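I opened my notebook to look up the empty spaces and the charged pairs of this structure. Come along and follow each entry with the model beside you.

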Amino acid sequence: MSETTPSDVETDIDPFTREVIANALQSAAEEMFINLGRTAKSSVIYETLDYACGLVDPDGNVVAQANGVPGFLGTLKYGVEDVVDKYGTDGFEPGDVVLVNDYSGGTHLNDVAMVAPVFAGDDIVLFTASKAHWTDIGGKDPGSWTTDATSVFQEGLQLPMVKLYEGGAINQHVRDIIEANTRMPAMTLGDMQAQEASMDVAADRVGEVIDKYGKATVLQAMVEYLEWGEQLVREEVEALPNGTYTATDAIDDDGITDEPIHVEVTVTITDDAVEVDFTGSDEAATGPINSPYAATASMVRAFFQALTLPDANTNEGFFAPLELTVPEGTVFNATKPAAIGTDWESSTMAADLPWQALAPHVPEKLAAGHFMSVCATIVGGHDDRHDEDFLVIEPQPGGWGASDGRDGADVLVCVGDGDTLEMPVEVMETRFPLLFDQFRLNTPQETGHGEYRGGSGLVQDYTVYNESGAFLTASFGRSKHPPWGVNGGQDGNGNHIEIVAADGTSERHNKVTTYDLADGETARLVTSSGGGYGDPLDRDPERVLDDYRDDYVTADIAREVYGVVINEDDQTVDHAATASLREARR
């Protein structure tokens with residue numbers, strides 16, 4: 001088979017037809033997304049929505065994507081490019097499906113990508129592509145990703161662009177290898193089948209568009225749609241303030257030692273480009289916090305879209321002005337066999353770091369720092385009620401940073417997770433031997449104050465009620481190096497985990513792997529507030545009073561941080577005392 005040639009492409013179509021075709025392809029990507037969520041076996045997909053879907057042309061250009069996990073979306077391009085490099089466009093036939101979860105377009109091994117060609121006649125016009133978190137892919141510990149792995153070989157089964165389906169027939173040998181390497185075969189194989197079936201739906205919809213408009217018209221519409229995306233974003237880039245901006249930060253630790261990992265970035269903006277350069281960042285760490293190149297690039301794309309056109313439907317043309325330098329072998333571009341199980345600690349930093357460099361200079365576009373880490377958790381064990389093993393996998397939301405004119409958002413997932421959700425408590429308590437003694441905002445806020453206040457994190461208790469107990473694996477970054485404030489706003493307070501024994505004693509962690517939880521013990525998950533924006537002494541006293549009434553601050557915090565004196569008896573502001581106190585503070 002061969003890919004389409006320039007002679008297949010028309011030279012002129014009307015803009016209305018182009019728009020209809022572009023929206024039809026976008027709809028196909030979104031239908032793929034919806035179908036995977038409706039048919040998956042594991043809760044991390046159907047409840048948490050830990051996956052992403054898109055349509056990519058044979059040259060690796062993203063034509064359409066469904067809003068899912070931003071950390072996945074940008075990797076689809078690289079996965080398709082690598083698959084095409086391996087097989088060539090002549091190496092496919094209708095019904096082929098390729099599996100890949102390693103460094104080729106990779107994040108960590110649980111996130112398995114599928115790539116399948118869509119044909120029009122003898123030619124490949126697009127590839128359907130999706131990446132979804134499989135609950136268990138083998139490795140040394142249940143759930144596969146851990147905080148203490150030192151090699152990718154400890155983290156599970158690697159699928160180096162192998163064909164799961166060939167000509168529509170399943171490769172039984174590959175399927176058997178997957179089944180033999182997962183602790184939860186029914187769940188893993190169910191997710192695998194759901195993922196492949198959802199891609200079939202998208203391929204059918206693309207076929208319907210081609211049948212209606214013709215291959216040449218659809219190909220030309222795709223070319224013009226990418227050109228339109230580039231034109232649109234270049235106007236935004238031209239309006240950005242030219243200059244060179246830098247930021248340095250640290251990743252708390254790698255899970256093996258307590259040493260921080262130094263990271264830095266230089267962002268250079270010209271009239272026609274945004275250059276992001278991570279030169280100077282530390283080499284890949286011993287522990288699993290390393291990010292493959294594709295994961296880093298995906299998160300830089302998320303930053304770039306936030307900087308330019310956050311509300312637009314994205315295609316490859318949007319990223320034409322983005323130039324990325326990531327030295328190989330660093331924590332942002334790790335190579336095999338570096339451990340990558342908690343890659344989000346670096347990949348989300350790849351969005352947060354250039355964000356930090358530019359936020360003071362484009363306050364109308366970028367907020368202060370947010371809690372950043374996925375704060376991912378695995379709670380598992382053997383459910384005594386049903387005599388079966390269980391695994392609960394989900395991210396935790398936290399506080400987002402304030403911006404010029406607006407308080408930060410409370411309890412949203414981090415920049416790397418996008419549209420993922422918390423599993424409903426009712427579902428968790430029904431399906432698993434867990435009770436949730438509290439699930440609340442982390443208020444009153446101790447930090448993140450400013451003229452505009454950073455959003456609040458959460459406090460969530462998983463209490464085990466299971467005679468055989470359970471275990472906890474979790475990675476909470478931004479614990480020792482908290483979210484940053486802007487223009488005088490306070491930093492956040494950092495994320496952490498508390499293990500609370502039945503007698504009420506507790507110990508604090510930021511990373512644990514298969515930590516034993518006895519019956520009656522609690523894993524308390526605490527996420528950070530976002531950074532504040534502006535001097536707290538400039539906050540409108542009436543807004544401070546509202547915060548007091550809503551339990552975001554105490555009267556003492558209002559006085560000590562904001563310089564606002566609140567009459568607690570009638571819940572009013574003493575404006576004279578406030579003016580005097582603020583004048584003295586200034």
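**Entry 1: the largest cavity**

I began inside, where the largest cavity has a volume of about 260 Å³. I then looked up its lining: 23 residues line the largest cavity, and those closest to its centre are Asp50, Phe72, Trp344, Val374 and Asp417. I should say early on that I am reading a predicted model.

Which elements supply at least two residues each to this lining? I found α3, α8, α9 (344-358) and β14. The largest share comes from α9, with 3 residues. Sorted by class, the lining of the largest cavity has 11 nonpolar, 7 polar and 5 charged residues.

**Entry 2: the second largest cavity**

How many cavities of 30 Å³ or more are there? I noted a count of 4. The second largest cavity holds about 50 Å³ of space.

I went through the lining of the second largest cavity, and among the residues there are Thr75, Leu76, Val100, Ala113 and Lys131. The elements that give two or more residues to this lining are α4 (75-87), β5 (111-120) and β6 (123-133). Of these, α4 provides the largest share, 4 residues. By class I wrote down 6 nonpolar, 4 polar and 1 charged.

**Entry 3: the largest pocket**

Next I turned to the pockets. The largest pocket has a volume of about 1,200 Å³. It is lined by 44 residues, and the closest to its centre are Ala306, Pro310, Trp355, Trp400 and Val415.

Which element gives the most to the lining of the largest pocket? My answer is α8, with 5 residues. Both α3 (70-73) and α8 (293-307) supply at least two residues of this lining, and I had already met α3 and α8 at the largest cavity, where each supplies at least two as well. The pocket lining divides into 21 nonpolar, 14 polar and 9 charged residues.

**Entry 4: salt bridges**

I then looked up the charged pairs, and the structure holds 30 salt bridges. I picked three to read in detail.

My opening pick was Lys140 with Asp141, whose closest N and O atoms are 2.6 Å apart. Are these two residues buried or exposed, or in between? Lys140 counts as partly exposed because its relative accessibility is 34%, above the 20% below which a residue is called buried. Asp141 counts as buried because its relative accessibility is 12%, which is under that 20% limit.

Then I took Arg205, which forms a salt bridge with Glu208, with 3.2 Å between the closest N and O atoms. Where do the two partners lie? Both are in helix α6 (residues 185-213), 3 residues apart, about one turn of the helix. Arg205 is partly exposed at a relative accessible area of 28%, and Glu208 is partly exposed at 45%.

Last came Asp407 and Arg543, whose side chains meet in a salt bridge (3.2 Å, N to O). This pair links distant parts of the chain, 136 residues apart: Asp407 is in the loop between β14 (388-394) and α10 (425-431), and Arg543 is in helix α11 (residues 541-549). Asp407 counts as buried at 17% relative accessibility, while Arg543 is partly exposed with a relative accessible area of 30%.

I followed this pair a little further. Asp407 and Arg543 belong to a network of salt bridges that also links Arg453, Arg539 and Asp547.

Conventions. Residues are numbered from 1 along each chain as its sequence is written. This is a predicted model: local features need pLDDT of at least 70, side-chain atom pairs count only at pLDDT 80 or more; totals for chains, interfaces and linings use all residues. Side-chain values use heavy atoms; hydrogens and water are left out. On a 1 Å grid over the protein atoms alone, a cavity is a set of points where a 1.4 Å probe fits but cannot get out, and a pocket is an open set with protein on both sides within 12 Å along at least five of seven lines; lining residues have an atom within 4 Å of a point. Grid points are joined across faces, edges and corners, and a volume is the space filled by probe spheres set on the points. Ala, Val, Leu, Ile, Met, Phe, Trp, Tyr, Cys and Pro count as nonpolar, Asp, Glu, Lys and Arg as charged, and the others, Gly among them, as polar. A salt bridge is a side-chain nitrogen of Lys or Arg within 4 Å of a carboxyl oxygen of Asp or Glu. Buried means under 20% relative accessible area, exposed over 50%, partly exposed in between (1.4 Å probe, protein chains only).
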